[in-house]
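Here are my notes on the model you asked about, set out as numbered points. Please keep the sequence and the structure open beside them as you read.

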Amino acid sequence: MTAAAGFRNLGQFVAAVNVSYNHGLDFTQLKTSMVTDGLSLGQAMKVQRTSMNGTTEALRAEREASTLIKSTEVSASTRTTKPTKATKTNGG
């Protein structure tokens, strides 16, 4: 929860985490650039690595974050509220 604080939404947070992990960028610096300095994800990426195409990589990260969030929501909505009973076998 602490790491996500300050981001506009879950998608922005997940995209920043993914970019940080996938490109070896410092997450704290990305977050500061985005949350405190008001930069977009692409701009924040360029602050750390000027040779990077921040726009392209940011769009990819945002698309992947959206897919991940949607798949998690679908997975959560298909779970049953009660666990199913395990069937006992007689070891034979």
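1. A word on terms comes before the details: contact means heavy atoms within 4.5 Å, and helices (H or I, at least four residues) and strands (E, at least two) are DSSP runs, numbered from the N terminus. This is a predicted model, in which local features need pLDDT of at least 70 and side-chain atom pairs count only at pLDDT 80 or more, while totals for chains, interfaces and linings use all residues. Residues are numbered from 1 along each chain as its sequence is written, and side-chain values use heavy atoms, with hydrogens and water left out.

2. The protein has four helices and zero strands, and from the N terminus on its elements run α-α-α-α. Of its 92 residues, 28% count as buried, where buried means under 20% relative accessible area, exposed over 50% and partly exposed in between (1.4 Å probe, protein chains only). Among contacts between residues at least 6 apart in sequence, 39% join residues at least 24 apart.

3. Which residues does helix 2 bring to its meeting with helix 3? From helix 2 come Gln 29, Leu 30, Ser 33 and Met 34, and they meet Leu 41, Ala 44, Met 45, Val 47 and Gln 48 in helix 3. By class, this contact of helix 2 with helix 3 has six nonpolar, three polar and no charged residues; here Ala, Val, Leu, Ile, Met, Phe, Trp, Tyr, Cys and Pro count as nonpolar, Asp, Glu, Lys and Arg as charged, and the others, Gly among them, as polar.

4. The axes of helix 2 (residues 27-36) and helix 3 (residues 41-48) come within 9 Å and cross at roughly 130°, the axes being lines fitted to C-alpha atoms, for helices over the stretch in contact, with angles that run from 0 to 180 degrees between N-to-C directions. The two helices are therefore oblique to each other, since angles under 35 degrees count as roughly parallel, over 145 as roughly antiparallel, 65 to 115 as roughly perpendicular and the rest as oblique. Their crossing is right-handed, meaning that the near helix is turned clockwise from the far one by less than a right angle, whereas an anticlockwise turn would be left-handed.

5. Helix 1 and helix 2 have axes that come within 9 Å and cross at roughly 140°, which makes helix 1 oblique to helix 2, and this crossing is right-handed. Gln 12, Phe 13, Ala 16, Val 17, Val 19 and Ser 20 in helix 1 meet Phe 27, Leu 30 and Met 34 in helix 2, a contact with seven nonpolar, two polar and no charged residues.

6. The largest nonpolar core (a set of buried Ala, Val, Leu, Ile, Met, Phe, Trp, Tyr and Cys residues joined through side-chain atoms within 4.5 Å) has 18 residues, of which Val 19, Leu 30, Leu 41 and Met 45 touch the most other members. Helix 1 (10-23), helix 2, helix 3 and helix 4 (54-78) each give two or more residues to this core, and the largest share, five residues, comes from helix 1.

7. Is Gln 12, in helix 1, buried or exposed? At 13% relative accessibility Gln 12 counts as buried, and, not counting residues up to four places away in sequence, Gln 12 touches Phe 7 and Met 34. Val 35, in helix 2, is partly exposed, with a relative accessible area of 31%.
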